[in-house]
Amino acid sequence: MFKNFILLLVIGVSGCTFNPQAVSISPDLKPTGVIHGEGKNVVVTVSDERASQSLGQRGAGNVGADLTVQGDLTEIIQSSVESGLQKQGFNLSNAGSSLKVEIRNLDYKFLTGMWSGTIRTECGLKAICSAGGKSYDKFYRGKYEKSVQVAGTSAENNTYVSSSVSDAVNQLINDPELGKCLSQ
């Protein structure tokens with residue numbers, strides 16, 4: 001009973017949770033330099049394999065408006081991966097080593113606790129490299145969590161979702177084994 005009261009209080013205080021929001025994603029790339037592309041050509045393709053375009057609901061307990069992505073998520077991820085690989089010394093081309101990136105999930109959850117809640121965002125990317133008769137694949141999971149009292153504002157949600165996407169993309173572009181495969 002008390003938990004329901006807290007849930008209603010949180011929802012009431014954060015009336016904006018009933019307004020749909022399109023999150024603006026701006027990945028923060030941090031290439032570590034452990035991969036040296038040495039001018040090797042790479043072809044990057046990205047596909048969105050998510051079951052739903054919704055990231056989740058803005059309110060607690062799956063109550064509230066849907067959160068979606070502003071713009072084309074495939075283009076955002078492709079641009080980020082390509083930029084990261086270029087910073088690692090690879091050339092983008094129509095021929096060369098092949099890197100396929102599958103967007104497996106991008107989720108937003110507002111989990112309620114006794115006195116506060118937690119916003120958790122997760123991004124899952126699968127990379128599949130084919131080069132020189134060899135292949136390599138790996139799943140990268142980006143995650144961001146923050147304890148909060150009320151649902152996130154538009155600007156905060158942009159930051160939360162961007163953080164989990166940044167985490168997944170940075171793991172991908174800094175994976176030495178993926179770099180070896182792409183350098184074949």
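This is a guided walk through the protein shown above, from its overall layout to a few of its individual residues. Keep in mind from the start that the model is predicted.

Let us begin with the whole chain. The protein contains four helices and eight strands. If you follow the sequence from beginning to end, these elements come in the pattern α-β-β-β-β-α-β-β-β-β-α-α. There are 184 residues in the protein, and 43% of them are buried. The accessible surface adds up to about 9,000 Å², with 49% of that belonging to carbon and sulfur atoms. You can also ask how the chain meets itself. Taking contacts between residues at least 6 apart in sequence, 77% join residues that are at least 24 apart.

Now look at the strands. Three of them make an open sheet, in the order β1-β4-β3, and the pairing in this sheet is mixed. The edge strands are β1 and β3, each of which pairs on one side only. You can see where the word "mixed" comes from by checking each pairing in turn. Strands β1 and β4 are joined in the parallel sense, over three bridges. Strands β3 and β4, in contrast, run antiparallel and are joined by two bridges.

Leu-67 in β4 is a good residue to pause at. On one hand, Gln-21 stands opposite Leu-67; on the other, Gly-56 stands opposite Leu-67 as well. Where do the side chains of β4 point? They alternate: Leu-67 and Val-69 point to one face and are buried, while Asp-66 and Thr-68 point to the other face and are not buried. This fits a general rule: in a regular strand, side chains alternate between the two faces of the sheet.

Strand β2 has partners of its own. It pairs with β6 (residues 97–112) in the parallel sense, over seven bridges. Within that pairing, Ser-47 stands opposite Glu-102 of β6. Strand β2 is also joined to β5 (residues 91–92), again running parallel, by two bridges. Here Asn-41 has Asn-91 as its bridge partner in β5.

Before leaving the strands, take a look at the loop between β1 (21–23) and β2 (41–48), where you will find Glu-38. Glu-38 has a positive phi of about 50 degrees although it is not a glycine. Is Glu-38 buried or exposed? With a relative accessible area of 69%, Glu-38 is exposed, because residues over 50% are counted that way.

Next comes a helix, α2, which covers residues 73–87. Its 15 residues reach 21 Å from the first C-alpha to the last, close to the 21 Å expected at 1.5 Å a residue. Several residues of α2 are buried, among them Leu-73, Ile-76, Ile-77, Val-81 and Leu-85. Both ends of this helix are worth a look. At the N-terminal end, Asp-72 acts as a cap: one of its side-chain oxygens lies 2.9 Å from the backbone nitrogen of Thr-74. After the helix comes Gly-89, which has a positive phi near 100 degrees.

Further along the sequence, helix α3 (residues 154–173) includes Ser-166. Why does Ser-166 count as buried? Its relative accessibility is 8%, and the limit for buried is under 20%, so Ser-166 qualifies. Setting aside neighbours within four places in sequence, the residues in contact with Ser-166 are Ser-26, Pro-27 and Asp-28.

Our last stop is a link between two cysteines. A disulfide is a covalent bond between the sulfur atoms of two cysteines. The structure holds one disulfide, and it joins Cys-129 to Cys-181, with an S to S distance of 2.1 Å. Cys-129 belongs to strand β7 (residues 117–131) and Cys-181 to helix α4 (residues 176–182), so the pair ties together parts that are 52 residues apart in sequence. The link has a handedness too: with -95 degrees about the S-S bond, it is left-handed. Both Cys-129 and Cys-181 are buried. Another cysteine, Cys-123, also counts as buried, because its relative accessibility is 2%, under the 20% limit.

Notes:
Residues numbered from 1 in each chain as written. Predicted model: local features only at pLDDT ≥ 70, side-chain atom pairs only at ≥ 80, totals over all residues. Heavy atoms only, no water. Buried < 20%, exposed > 50% of the residue type's maximum accessible area, 1.4 Å probe, protein only. Contact = heavy atoms within 4.5 Å. Expected span 1.5 Å × (residues − 1). Polar contact = N/O pair within 3.5 Å; in protein donor to acceptor, adjacent residues only side chain to side chain. Areas by Shrake-Rupley, 256 points an atom, 1.4 Å probe, with all protein chains shown as cover. Disulfide = S-S within 2.5 Å. Pairing = 2+ DSSP bridges.
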